[in-house]
Amino acid sequence: MYVAIEGIDTAGKSTQLDILKGKFPNAVFTKEPGGTKLGLKLREMILNGEANSSLAEMFMFLADRAEHTKEIIVKNQNKLIISDRSFISGIAYAKDKKIEDLIELNRLATSNNFPKKVILLELTKDELQKRLSKKPNDSIEKRGLDYLLDIQARLRETIIKLDIEHIFIDASLNIKDIEKKIEDFINE
Ligand SMILES: Nc1ncnc2c1ncn2[C@@H]1O[C@H](COP(=O)(O)OP(=O)(O)O)[C@@H](O)[C@H]1O
Ligand SMILES: Cc1cn([C@H]2C[C@H](O)[C@@H](COP(=O)(O)OP(=O)(O)O)O2)c(=O)[nH]c1=O
């Protein structure tokens with residue numbers, strides 16, 4: 001079963017994934033962008049802000065996703081796969097494009113291998129501000145608070161539109177409570 005953890009930057013995805021690695025030792029843990037050899041190169045180019053065109057940037061994410069689908073998702077389809085982000089980020093972050101068009105592009109990139117379950121960690125504006133101020137920001141995070149809150153709303157909208165099995169979690173709860181909700185949802 002393929003499960004994705006979604007949320008804007010600093011929502012707590014890595015923190016939860018580190019705990020889940022202990023709870024699900026036989027699962028395959030992966031990430032987008034950068035879950036494959038090619039993906040690591042694409043990730044570096046993307047996060048360094050090398051693309052001037054937002055369309056070029058979107059296609060770099062799609063290239064990463066196509067490789068990730070073939071190398072990780074399809075090859076491990078009989079195992080539990082837990083991924084830090086998925087095509088849902090791809091749709092939400094490409095916010096100047098229509099969701100319907102993006103769904104079609106992502107169907108092509110993934111050959112329809114979408115996650116079976118999605119976890120969305122959601123932050124309040126105050127909590128996001130606090131967390132961003134504590135770390136050096138990459139080129140996407142530098143776009144600011146309102147940009148990221150807008151993306152967070154699009155993550156939610158995309159999940160609802162796609163009718164994927166999901167759980168929305170308040171990311172400012174304590175780490176243990178969030179972990180329990182995620183574990184129960186995966187085991188359901
Ligand atoms: N539930 C939580 N409550 C308070 N702080 C948290 C919580 N989860 C994560 N953090 C902190 O927030 C920051 C971002 O978390 P991280 O897991 O790196 O997020 P992401 O992988 O989504 O960018 C880290 O400093 C982390 O320690
Ligand atoms: C998967 C994906 C990520 N992104 C963005 C979200 C993040 O800002 C960045 C990936 O960075 P990453 O460091 O993996 O995320 P985080 O900071 O949450 O740990 O790329 C897109 O714009 N489009 C996509 O398709």
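**Figure 1. Leu120 and its contacts in the largest nonpolar core.** In this predicted model, Leu120 touches Glu6, Gly7, Leu155, Arg156, Ile159, His166, Phe168 and Ile169, leaving aside residues up to four places away in sequence. As you trace these contacts, keep the wider setting in mind: the largest nonpolar core has 38 residues. Which of them touch the most other members? They are Ile88, Ile119 and Leu120.

**Figure 2. Strand E3 and the two strands that pair with it.** Start with strand E3, which spans residues 81-84. In a regular strand, side chains alternate between the two faces of the sheet. Here, Ile81 and Ser83 are on one side of E3, while Ile82 and Asp84 are on the other. Are these four residues buried or exposed? All of them are buried, and both faces of E3 are covered. Now look at the partners. Strand E1 (residues 2-6) pairs with E3 in the parallel sense over four bridges, and Ala4 can be found opposite Ser83 in E3. Strand E2 (residues 28-31) also pairs with E3 in the parallel sense, over four bridges. In that pairing, Val28 stands opposite Ile81 in E3.

**Figure 3. Thr10 and Gly12 in the loop between E1 and H1.** Both residues of this view sit in the loop that runs between E1 and H1. Why does Thr10 count as buried? Thr10 has 23 C-beta neighbours inside 10 Å, so this residue is classed as buried, since the cut-off is 20 or more. Gly12 has 20 other C-beta atoms within 10 Å, and therefore Gly12 is buried as well. Their contacts are worth following one by one, again leaving aside residues up to four places away in sequence. Thr10 touches Leu128, Arg131 and Leu132. Gly12 touches Gly7, Leu121, Ala171 and Ile178. An unreviewed UniProt entry lists Gly7, Ile8, Asp9, Thr10, Ala11, Gly12, Lys13 and Ser14 under "binding site".

**Figure 4. The shell around ligand 1.** Which of the 13 residues around ligand 1 come nearest? They are Thr10, Gly12, Lys13, Ser14 and Thr15. Two elements, H1 and helix H8 (175-187), give two or more residues each to this shell. H1 gives the most, with three residues. Sorted by class, the shell around ligand 1 holds three nonpolar, six polar and four charged residues.

**Figure 5. The shell around ligand 2.** Here you can pick out Asp9, Lys13, Ser14, Glu32, Pro33, Phe61, Arg85, Ser89, Gly90, Tyr93 and Ile140, which surround ligand 2. Helix H1 (13-23) and helix H4 (87-93) each supply at least two residues of this shell. Which element gives the largest share? That is H4, with three residues. By class, the shell around ligand 2 has four nonpolar, three polar and four charged residues.

**Figure 6. The stretch annotated as a domain, residues 5-182.** An unreviewed UniProt entry gives this stretch the annotation "domain: Thymidylate kinase-like". How much of the chain is helix and how much is strand over residues 5-182? Helix makes up 54% and strand 12%. If you look for the two ends of the stretch, their C-alpha atoms are 9 Å apart.

Definitions and conventions:
Residues are numbered from 1 along each chain as its sequence is written. Chains are lettered from A and ligands numbered from 1 in the order in which they are written. This is a predicted model: local features need pLDDT of at least 70, side-chain atom pairs count only at pLDDT 80 or more; totals for chains, interfaces and linings use all residues. A residue is near a molecule or strand if its C-beta atom, placed from the backbone, lies within 6 Å of it. Ala, Val, Leu, Ile, Met, Phe, Trp, Tyr, Cys and Pro count as nonpolar, Asp, Glu, Lys and Arg as charged, and the others, Gly among them, as polar. UniProt positions are given in the numbering used here, feature names are shortened, and annotations may be inferred rather than shown by experiment. A nonpolar core is a set of buried Ala, Val, Leu, Ile, Met, Phe, Trp, Tyr and Cys residues joined through C-beta atoms within 7 Å. A residue is buried if 20 or more other C-beta atoms lie within 10 Å of its own, exposed if 12 or fewer, and partly exposed in between; C-beta atoms are placed from the backbone. Two residues are in contact if their C-beta atoms, placed from the backbone, lie within 7 Å. Two strands pair if DSSP finds at least two bridges between them.
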